[in-house]
Amino acid sequence: MEVKNIRIPNMQYEDFKDNEYLEGYVRELRKNGVNIFVGKISDFINWGRSNSVWPLTFATSCCGIEFMCVGAARTDFARFGWEVTRNSPRQADVIFVCGTIVHKMAPVLKRLYDQMAEPRYVMAIGSCAICGGPFKKSYHVVQGVDKIIPVDVFIPGCPPRPDAVLYGMMQLARKIKVQNFFKLPDEAKGKAEAPLTTNPINR
Amino acid sequence: METITVSKEQLHDEARRLRYEESYNFLIDIVGMDYGDSLGAIYYLSPSQKPEQVVALKTSTTNREQPELFSVCDLWDSASVYEREVYDFFGIRFVNHPDMRRIFLRHDWKGFPLRKDYDADPAINPVPLESERIEDMERVPSITIKMGERVEETHQAFADGDYVVNFGPQHPAMHGVLHLRVSLDGEVIKKIDPVFGYIHRGIEKMCESYTYPQILHLTDRLDYLSGTMNRHAVCLCCEKALEVEVPERAHYIRTIFDELTRIASHLLGWGCMCMDMGSITAFVYGMRDREKIMDIFEESSGGRLMPAYATIGGLAQDIHPNFQKKVKEFIPYMRKMLKEHHLLFTGNPIARGRMEGIGHLSREKAIALGATGPSGRASGWHNDIRKVEPYAAYAKVNFEEVLRPGGLTFDRYIIRLDEIEQSLRIIEQLVDNIPAEGGYAAKTKAVIKLPEGDFFQRVENARGQFGVHITSRGDKTPYRVKFRSPCLTLVGALKAIAPDTKVADLIMLGASLDYVIPCIDR
């Protein structure tokens with residue numbers, strides 16, 4: 001790989017101070033038979049992170065069944081390295097909000113989210129988690145989980161098909177891949193301070 | 001259906017007479033009512049000897065400020081949860097009921113949501129940021145009459161010094177968001193106090209503002225594993241009220257769909273129960289077979305988990321040309337797989353050791369608690385609505401209502417696999433004989449208005465008797481809708497069978513009853 005191919009989303013090629021020195025060094029090593037590969041440790045970490053995301057076993061209603069289908073024989077999500085569902089939020093990377101969140105459950109969900117370690121992700125599965133869905137008119141239903149916790153990926157459907165859930169998972173994997181791992185703590189801080197509601201339906 | 005109307009003073013005497021002199025020992029449901037000027041309740045009763053006979057006992061009180069009725073939980077054990085539900089929704093307090101806590105909503109919820117004058121302003125009941133405190137959950141108010149005097153008191157749910165463990169609401173093996181508070185003596189369970197409401201979506205209140213065809217979509221999401229059957233119940237109830245003649249073809253297809261749903265539900269229930277005992281393989285096998293059914297559903301209706309197929313008067317659309325072929329392929333496949341499931345798990349000595357000899361539910365207790373469905377039939381209680389009051393095409397087929405006298409966890413396990421075989425038998429008899437003529441749906445009016453009155457319909461879903469009560473005042477929306485949840489009483493059964501078993505078996509006992517939490521909370 002040429003040094004030129006280094007791709008850092010927030011740093012252009014021209015911004016490197018010492019490209020010539022690096023390129024020369026690689027050329028010299030290769031000439032002497034050393035197989036050298038130049039890349040970023042951040043990319044390497046993200047490659048690993050995006051292929052071993054551990055979800056929390058969390059489901060409140062119907063979408064939970066489709067989530068179980070995603071984990072079972074046909075649309076096996078183990079193919080993407082997501083199969084290790086964790087029972088404790090402290091060991092989980094992503095929380096799948098499968099199903100309606102009601103008033104009584106809202107503080108519990110918030111606590112589960114707070115117990116997860118950074119970097120943590122949230123996927124809102126199904127219309128109920130996105131905006132209240134068919135239960136929007138109810139007196140006891142939270143109108144979208146993004147009112148309580150920040151959401152990374154929304155998967156519409158009532159309930160979404162397993163394939164849709166799988167597609168949503170890949171979107172999250174993409175998101176993880178473009179993050180700068182070393183700047184995540186700052187991002188997390190910004191996320192905590194930023195106002196919630198990123199959902200166009202709820203805006 | 002016979003209806004008896006009594007004043008609130010006579011309620012308890014009349015209920016006692018029905019219970020002991022006419023042996024109405026199964027309380028199907030209590031429906032709370034707000035008649036506008038008065039609040040009341042309808043008790044649906046049935047004798048276990050003649051399960052097709054149902055009587056409705058009605059009572060009401062004009063006091064809207066401090067409504068009180070006499071409790072019947074000394075006559076039927078299942079009344080204790082139903083009365084708490086009526087209190088939660090209508091604010092009717094039951095005298096002599098030992099536990100008058102709210103059942104679904106938090107204790108600090110303002111107002112009673114199913115009353116007609118309830119103010120649904122979100123500013124009154126905002127989304128809470130803090131969980132309900134344990135001390136508040138444990139404070140149990142009650143009203144009793146002692147020596148002719150009315151005593152209001154509060155006591156604690158657990159005694160001082162009890163060792164209480166919380167299971168849920170977020171627990172990997174709780175099959176949803178049920179919260180069980182369990183007091184332990186070493187490893188042995190002393191008492192269970194279930195806390196409901198973590199998925200209470202207020203479906204019954206929403207139904208009051210929706211038209212009848214719109215309600216159907218909410219019933220699918222009550223007990224999503226038997227959504228087709230729940231939907232069928234509402235359709236049957238409306239068709240009975242409207243006196244619509246449904247084409248035979250629709251009846252046959254509905255029945256096949258119901259039975260396929262039952263198989264899918266039992267497969268999932270079986271898989272989850274095995275997973276709770278440590279066998280992930282069984283879960284994956286169950287889900288694999290379930291996918292075949294999902295494919296059949298998808299082809300004909302477009303939906304997997306929620307086929308949304310039955311409508312008032314018939315079906316949403318006709319079956320796919322491949323439907324019969326696929327169903328006929330599925331039957332021998334499933335028979336073969338059932339053998340494999342038995343080989344894989346039923347004969348396993350470790351699994352047998354865990355399931356045999358524990359969790360005994362006697363027939364009398366099952367009736368008193370209203371534990372219907374496979375769980376009740378495993379205790380030898382004949383309560384299958386498909387046999388009792390055959391609806392759709394069930395009168396035309398030969399099948400066996402599987403009864404087991406044991407009442408143990410193993411009986412509840414094996415009965416589900418046996419019911420899959422019976423469901424296959426039903427499908428086998430129907431699939432080749434679907435009448436071609438008559439169309440798939442009867443014509444109904446564009447706006448469906450039910451005539452005035454109360455309507456009640458039961459069907460057998462995968463977990464027991466699912467009932468729909470509709471009170472109509474002649475509008476295009478119902479005045480009151482109440483669903484009889486078979487799962488609510490199953491948690492009552494768990495409360496009865498779990499004491500004196502080991503805490504490690506609790507999850508498995510729950511799985512053997514196979515309840516679905518959104519069905520409980522509605």
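B:Q324 is partly exposed because 14 other C-beta atoms lie within 10 Å of its own, a count between the 12 or fewer of an exposed residue and the 20 or more of a buried one. The model is a predicted one. B:Q324 belongs to helix α9 of chain B, which covers residues 323-346. A residue distant in sequence also comes into the picture here: B:D432 is 108 residues away along the chain, yet the C-alpha atoms of B:Q324 and B:D432 are separated by 7.3 Å.

Elsewhere in chain B there is an open sheet of three strands, with antiparallel pairing and the order β9-β10-β11. Its edge strands are β9 (163-167) and β11 (188-195) of chain B, each of which pairs on one side only. From one strand to the next, the twist averages 25 degrees. In general, the strands of a sheet pair through backbone hydrogen bonds, in either a parallel or an antiparallel manner. Between β9(B) and strand β10 of chain B (residues 179-185), which run antiparallel, there are five bridges. To follow the pairing at the level of residues, start from B:N166, whose bridge partner in β10(B) is B:R181.

How far the predictor trusts this picture can be read from its confidence values. Chain B has a mean pLDDT of 87, and 100% of its residues reach 70 or more. Within chain B, confidence is lowest in helix α3 (residues 134-138), where the mean is 81, and highest in strand β16 (residues 480-484), at 91. For the complex, the predictor gives an ipTM of 0.86 and a pTM of 0.87.

Key. Residues numbered from 1 in each chain as written. Chains lettered and ligands numbered in written order. Predicted model: local features only at pLDDT ≥ 70, side-chain atom pairs only at ≥ 80, totals over all residues. Pairing = 2+ DSSP bridges. Helix = DSSP H or I, 4+ residues; strand = E, 2+ residues; numbered from the N terminus. Axes fitted to C-alpha atoms, helices over the stretch in contact; angles between N-to-C directions. pLDDT = per-residue confidence, 0-100.
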